Amino acid sequence: MRHFPAMGSLRGILVAVFVVQALLASVALVSAQGSTTARPRWQTLSGDAPFVVARGGFSGILADSSFGAYSLALLTAPGAILWCDVQLTKDGAGICFPDLKLDNNSNIAAVFNDKPKTYLVNGVSTKGLFSIDYTLKALGNNNVFLSQGVYSRTNKFDGQNYPIMTVQDTYTQLNQPGFWLNIQHDAFYAQHNLSMRSFLLSVTRNAAVTIDYVSSPEVAFLKSIAPIFRRNATKIVFRFLGREDVEPSTNQTYDALSKNLTFIKTFASGIIVPKSYIWPDVSLYLQPSTPIVLDAHKEGLEVFASEFYNDVPFSFNYSYDPVAEYLQFVDNGKFSVDGVISDFPITPSAAIDCYAHLGKNATKLVNLLVISNNGASGDYPGCTDMAYTKAIQDGVDVLDCPVQMTKDGTPICLGTVNLIDSSSVTQSPFSELTTTIPEIMQGSGIFTFNLSWSDIKNLTPVISSPQSQYKLFRNPKFKNAGKFLTLSEFLSMAKNATSLHGVLISIENALFLTEQGFGVTDAVLNALSKAGYDKQTAQKVMIQSSNSAVLMKFKGKTNYQLVYKVDEDIGGAQSSTIDDIKRFASAVVVSKDSVFPEDSAFLAGKTDVVQRLQAANLSVFVQTFSNEFTAQAWDFFSDASVEINTFYGGAGINGIITDFPKTSDRYRKNRCLRRGDKTPNYMIPVEPGSLLQLVTTEYLPPAEAPKPYLTEADVVEPPLPPVAMKSPTSTPSGTASAPRSPNGQPKVAASVIIPLMAVLLAVYLLF
């Protein structure tokens with residue numbers, strides 16, 4: 001998991017690029033339009049696949065507009081067009097830099113002890129260190145280097161010391177399929193006697209730079225350059241800003257201009273619009289699409305959607321899945337944009353080539369089991385009927401039920417034994433039942449075995465948001481939706497779902513429950529038997545536990561598949577330990593860190609855990625996969641599909657345990673699988689440790705201790721004892737039994753004791 005850092009001698013660019021290439025080594029360059037699989041005609045203006053435009057290169061990982069960012073973009077998304085935000089220096093040189101202020105994306109403030117200046121930019125007073133106050137020579141000779149300018153992105157690569165590049169250098173040093181120049185502030189530079197028009201003339205005629213696209217949000221500037229490029233293939237694109245922002249030369253809002261596309265067509269061949277112009281949202285929930293794409297296509301205008309970032313929260317409709325967001329813009333059945341502008345070009349490249357136009361009946365191309373984690377708990381409160389229904393709809397293979405016991409002995413499905421984690425119990429009359437049980441968990445809780453099923457089923461479910469510390473919350477509109485289920489109700493639901501391969505019943509805390517008089521293993525066996533699972537073969541039954549004694553209770557009694565859960569991160573397993581596991585299980589669940597250990601949210605390497613377990617004929621399932629980008633290592637580019645691809649393609653795991661089954665199911669069907677040596681770069685598994693090699697010494701995190709090996713002592717457990725006698729929760733007449741005092745004796749109310757003492761005293765006096 002990520003922890004966001006505070007932002008704060010040149011190592012050799014060629015060395016850095018060589019290391020970046022190791023990310024996707026020994027693969028042929030394949031464009032985003034490289035699929036040969038038949039598919040419907042694209043609903044773009046041309047009928048061809050949409051373009052991917054890499055804004056500042058792969059700026060979601062490396063410093064925007066750096067040689068490293070551009071190189072990584074071309075390696076991971078070879079068909080991407082490179083985007084350069086052009087700024088002018090004091091001497092009129094054009095540089096690729098994301099803003100006209102240099103202080104946020106470079107170390108210039110540390111190099112020059114200059115006071116920030118204030119200028120009017122589009123009528124707004126703006127303070128900073130501006131490119132117009134420095135010559136190109138001053139920037140180059142004083143070691144001004146690019147840095148990561150987005151706080152939530154890692155700054156660990158800033159030690160690469162990437163210099164600011166000119167437009168000419170960016171074009172000549174990189175063999176890009178297309179070059180896009182964005183001119184954001186021509187009017188500002190004109191106020192300071194610098195001409196963007198003259199620069200473009202010079203760079204195209206004297207420097208022999210081929211420009212494929214020129215964009216700007218300023219109408220007057222685009223009109224002035226249109227005659228220059230009318231005779232060549234360069235396309236002029238008008239860029240829309242915020243709806244209420246005012247375009248300076250027409251004095252109209254961009255919203256008003258978006259309703260007059262006929263006018264835009266007089267000087268441009270395309271438009272850039274923020275994605276909200278196409279799919280607006282209210283409180284991050286999608287609204288119906290606007291007609292702007294279809295209207296633009298009618299005018300003969302291409303449409304490029306902007307503001308795509310994998311690491312910025314987007315609509316809840318996408319369940320934190322960036323591939324799903326791109327598909328909404330290119331494969332919605334009504335229209336497709338002609339291109340997308342992204343900080344993470346690997347994701348739209350894969351979305352367009354591998355995932356678009358799959359259809360509902362797409363075939364699974366790989367044998368990867370998808371197991372839910374409390375149902376589709378990324379979309380609805382875990383273990384509710386709605387979470388389970390969503391998981392089934394989303395293509396899950398195995399539906400899971402973590403079994404907990406109620407006070408009256410009813411087995412139910414709930415993610416943890418602590419009701420505080422998944423319900424509104426703290427706002428209920430049972431809030432005073434908080435206790436501390438060290439055998440179960442650290443801290444206090446309100447436990448299922450302290451409430452009856454009738455009490456629990458009336459509690460309001462609460463969705464889990466494991467990344468809430470980063471302000472990433474799950475589906476707030478439905479955060480309390482659904483109802484809890486008993487194990488019997490769960491089994492009935494699962495049995496009626498013909499698409500399911502099976503169910504997974506998880507049992508934890510069995511020893512404690514047994515000592516308290518709750519026979520959890522017997523309760524599970526009885527529920528399965530009553531549901532007919534002990535006789536049917538249509539659906540597989542999997543029993544999972546981190547306690548080998550629990551699995552031994554099932555061994556020999558049933559033909560259920562037994563799954564051993566390793567409840568800690570491990571670096572390996574002894575051979576004797578693996579032999580022990582084979583005695584009671586045929587599959588093992590391990591953590592993601594046990595496969596690809598992380599160091600400060602970077603993949604540090606790969607263990608042999610999967611390989612050795614599979615060599616012993618044990619299937620390996622890995623948990624827990626979540627779509628939120630903060631739950632993934634930096635190496636996966638804030639894309640859950642890249643992570644899944646690496647664990648399957650790079651480690652060969654047998655199954656995935658996930659909060660978001662839809663993402664994993666879609667991965668199994670993508671058309672870029674099973675292509676052999678024709679696999680495109682964006683579907684090559686990440687090489688562990690490659691990004692970490694780009695971190696220079698001064699930015700290296702402290703080395704983490706190696707993960708422990710799994711030993712026999714970790715695995716072998718004594719048999720479960722007989723279920724302890726438990727006092728009944730009610731008397732035969734139906735009234736509540738007396739609560740027990742700490743010494744085990746019944747507590748008796750004072751109103752009973754006092755009359756009883758009077759009777760005894762009277763008897764004593766008679767004698």
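**Exercise 1.** Does Cys401 count as buried or exposed, and at what relative accessibility?

*Solution.* We're working with a predicted model here. Start with the cut-off: buried means under 20% relative accessible area. Cys401 comes in at 0% relative accessibility, so Cys401 counts as buried.

**Exercise 2.** Find the disulfide partner of Cys401 and describe the bond.

*Solution.* Step one: look for the sulfur. Cys401 is joined to Cys413, with an S to S distance of 2.0 Å. Step two: check the twist. The torsion about the S-S bond of Cys401 and Cys413 is about -100°, so this disulfide is left-handed. Step three: place both ends. Cys401 sits in strand E18 (residues 398-405) and Cys413 in strand E19 (residues 411-413), twelve residues apart. Cys413 is buried too, at 0% relative accessibility.

**Exercise 3.** Work out why Cys383 has no bond to Cys413.

*Solution.* A disulfide needs sulfur atoms within 2.5 Å. For Cys383, the closest cysteine sulfur belongs to Cys413, and at 6.0 Å that's too far for a bond. Cys383 is buried all the same, with a relative accessible area of 0%.

**Exercise 4.** Work out which parts of the chain the disulfide between Cys354 and Cys672 ties together.

*Solution.* First, the bond: the sulfur atoms of Cys354 and Cys672 are 2.0 Å apart. Next, the locations: Cys354 is in helix H13 (residues 346-355), while Cys672 is in the loop between helix H23 (661-669) and strand E31 (709-710), so the tied parts are 318 residues apart in sequence.

**Exercise 5.** Give the pairing pattern of the bonded cysteines.

*Solution.* The whole structure holds three disulfides. Number the bonded cysteines in sequence order and you get 1-2, 3-6, 4-5.

Technical notes:
Residues numbered from 1 in each chain as written. Predicted model: local features only at pLDDT ≥ 70, side-chain atom pairs only at ≥ 80, totals over all residues. Heavy atoms only, no water. Helix = DSSP H or I, 4+ residues; strand = E, 2+ residues; numbered from the N terminus. Buried < 20%, exposed > 50% of the residue type's maximum accessible area, 1.4 Å probe, protein only.
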